[in-house]
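Q: Hey, got a minute to walk me through this one? I'd like to start with the ligand and then get to the fold.

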Amino acid sequence: MSTATDRPIADALTAIKTRRSVKEYLQTEIPKEWIEELLDAAHWAPNHKLTHPWRFHVFSGTGREKLVAARQASVRWAAEKKGEQASEEHLKFAKDKCFSAPVLIIVSMVGDDKKITDQENYAACWCAIENLLVAANARGLGSYPSTGDWIDQNFVGPVLGLTEKERPVACIFLGQSEQATMAKRLPVDKHTTWYTEA
Ligand SMILES: Cc1cc2nc3c(=O)[nH]c(=O)nc-3n(C[C@H](O)[C@H](O)[C@H](O)COP(=O)(O)O)c2cc1C
């Protein structure tokens, strides 16, 4: 593993454009200071009225075990909705996902009774998530954000001790990765309109 001084650091545009979601991680432990640097980058995201709506819950090592029951509960819930029983295969997949990266960071948010503030807080959380993903890439780490039933249906809430005002936003998988990725995007001019005259 590289030391603190020889770690890569990419400029912002390169880090943004070369960030890709990766799903295959080495189990190499990630030093706490590296994660703290990424959380600090996340914390500098824009957030209206400085509500700081994000909360970060970091799971690593055997701490990841805490997530298994929540993820498996969502598998059982999805199966029951279809009138089925969760298969051992799906339950195992759910468990394995919790250990698929050395670090999992669940981002939760503080909601608000006012719809506009609530929306702004949710949007700010995703700004923070993107900051973290880009910073991770700049530092040579792989990542991806995920949602899914265990997040959307708040199965993870009890693990995090979330209050009624809070809800989970996403789970970020983080670690060193050697997975090859392919960048795919349409040309930006397909989605851009310019207004240059009165
Ligand atoms: C709001 C949001 C939710 C996502 N949820 C998932 C998810 O549940 N599972 C997953 O594999 N990827 C998830 N992703 C990652 C996207 O699939 C990924 O960003 C997209 O395929 C583009 O690839 P790239 O990140 O390499 O550019 C999510 C991304 C966003 C922005």
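**Ligand, sheet and core**

A: Sure. Keep in mind this is a predicted model. Around the ligand you'll find Arg20, Ser21, Tyr144, Pro145, Ser146, Thr147 and Gly148.

Q: How does that shell split by class?

A: It has 4 polar, 2 nonpolar and 1 charged residues.

Q: OK, on to the sheet. In what order do the strands run?

A: The order is 1-2-4-3, in an open sheet of 4 strands with antiparallel pairing. Strand 1 (54-60) and strand 3 (142-146) have a single partner strand each, so they stand at the edges with one side lacking a neighbour in the sheet. From one strand to the next, the twist averages 25 degrees.

Q: And Tyr144, from the ligand shell: what's its bridge partner in strand 4?

A: Phenylalanine 173. Strand 3 and strand 4 (residues 166-175) pair over 5 bridges, in the antiparallel sense.

Q: Which helix packs on the sheet?

A: Helix 5 (residues 115-138), which touches strands 1, 2, 3 and 4. Its direction makes about 155 degrees with that of strand 2 (103-110).

Q: What about the largest nonpolar core, which residues touch the most other members?

A: Leu104, Val107, Ile129, Leu132, Ile172 and Leu174, out of 39 residues in that core. Helix 5 gives the most to the core, with 10 residues. Other elements supply at least two residues each, including helix 2 (32-43) and helix 6 (149-152).

Q: What does isoleucine 172 touch?

A: Leaving out residues up to four places away in sequence, isoleucine 172 touches Ile105, Val107, Ile129, Leu132, Ser143 and Pro145. Pro145 is also one of the residues around the ligand.

Note on methods: Residues are numbered from 1 along each chain as its sequence is written. This is a predicted model: local features need pLDDT of at least 70, side-chain atom pairs count only at pLDDT 80 or more; totals for chains, interfaces and linings use all residues. A residue is near a molecule or strand if its C-beta atom, placed from the backbone, lies within 6 Å of it. Ala, Val, Leu, Ile, Met, Phe, Trp, Tyr, Cys and Pro count as nonpolar, Asp, Glu, Lys and Arg as charged, and the others, Gly among them, as polar. Two strands pair if DSSP finds at least two bridges between them. Axes are lines fitted to C-alpha atoms, for helices over the stretch in contact, and angles run from 0 to 180 degrees between N-to-C directions. Two residues are in contact if their C-beta atoms, placed from the backbone, lie within 7 Å. A nonpolar core is a set of buried Ala, Val, Leu, Ile, Met, Phe, Trp, Tyr and Cys residues joined through C-beta atoms within 7 Å. A residue is buried if 20 or more other C-beta atoms lie within 10 Å of its own, exposed if 12 or fewer, and partly exposed in between; C-beta atoms are placed from the backbone.
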